[in-house]
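Visitor: I've got a few minutes before my next gel. Could you walk me through this one?

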Amino acid sequence: MEYNIPDLVKKALEAKQYAYVPYSGFAVGAALLCMDGEVVMGCNIENAAYSPTNCAERTAVFKAVSEGRRGFLAIAVAGDNNKYLAPCGVCRQVLLEFCSPDEFDVIFVKSETEYKVVKLGSLLPFAFSSADLQ
Ligand code: THU
């Protein structure tokens, strides 16, 4: 399905402003595009105990799934370091739970005009997934 990548990139950059990052100071924003065209935004939310910290990508996925959404087309992710931001390993695994490895686009955002688009499957080869439990 066709969608507007620059719009999704802008929303990931916008989502960054809500990041709760008192420990790392590293704000991340994500914008998850649902199949009905809705965009669900997420930011990273840190915690004094460190390990409960939730990445921006997982915030967006969990918000969407908890609102009854299941079909997703793409996610754009923007960090705070003027580099292409690639999702961490845990977020890749969570995305794979709900998104097609061959269809779903992951957009690494560096700035409003600089980004890279890759398929989810390329980020998590030889993944363990629900198919392995059958
Ligand atoms: N972080 C994300 O939100 N997404 C990623 O894919 C990488 C890391 C957050 C977690 C933590 O709050 C901060 O960035 C520094 O690791």
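Visitor: How do the residues of the shell around the ligand divide into nonpolar, polar and charged?

Guide: Bear in mind that this is a predicted model, where local features need pLDDT of at least 70, side-chain atom pairs count only at pLDDT 80 or more, and totals for chains, interfaces and linings use all residues. Numbering starts from 1 along each chain as its sequence is written, and side-chain values use heavy atoms, with hydrogens and water left out. The shell (residues with a heavy atom within 4 Å of the ligand) includes Phe26, Val28, Asn44 and Thr53. By class (Ala, Val, Leu, Ile, Met, Phe, Trp, Tyr, Cys and Pro nonpolar; Asp, Glu, Lys and Arg charged; the others, Gly among them, polar), the split is seven nonpolar, three polar and two charged.

Visitor: How far does a polar side-chain atom of Glu46 lie from an oxygen atom of the ligand?

Guide: Polar contacts here are pairs of N or O atoms within 3.5 Å. The backbone joins in too: a polar atom of Ala56 is 3.0 Å from a ligand oxygen, and a backbone N or O atom of Cys88 also lies 3.0 Å from one. For the Glu46 side chain, the distance is 2.5 Å.

Visitor: Which strands stand at the edges of the sheet?

Guide: Strands are DSSP runs of E, at least two residues, numbered from the N terminus, and two of them pair if DSSP finds at least two bridges. The open sheet has five strands in the order 2-1-3-4-5, with mixed pairing. Each edge strand has a single partner, so one side lacks a neighbour in the sheet: these are strand 2 (39-43) and strand 5 (115-119).

Visitor: In strand 2, what is the bridge partner of Ala30?

Guide: Strand 1 (residues 29-34) runs antiparallel to strand 2, and five bridges join them. Ala30's partner is Gly42.

Methods. Helices (H or I, at least four residues) and strands (E, at least two) are DSSP runs, numbered from the N terminus. A polar contact is a pair of N or O atoms within 3.5 Å; within protein, one must be able to donate a hydrogen and the other to accept it, and residues adjacent in sequence count only if both atoms are side-chain atoms.
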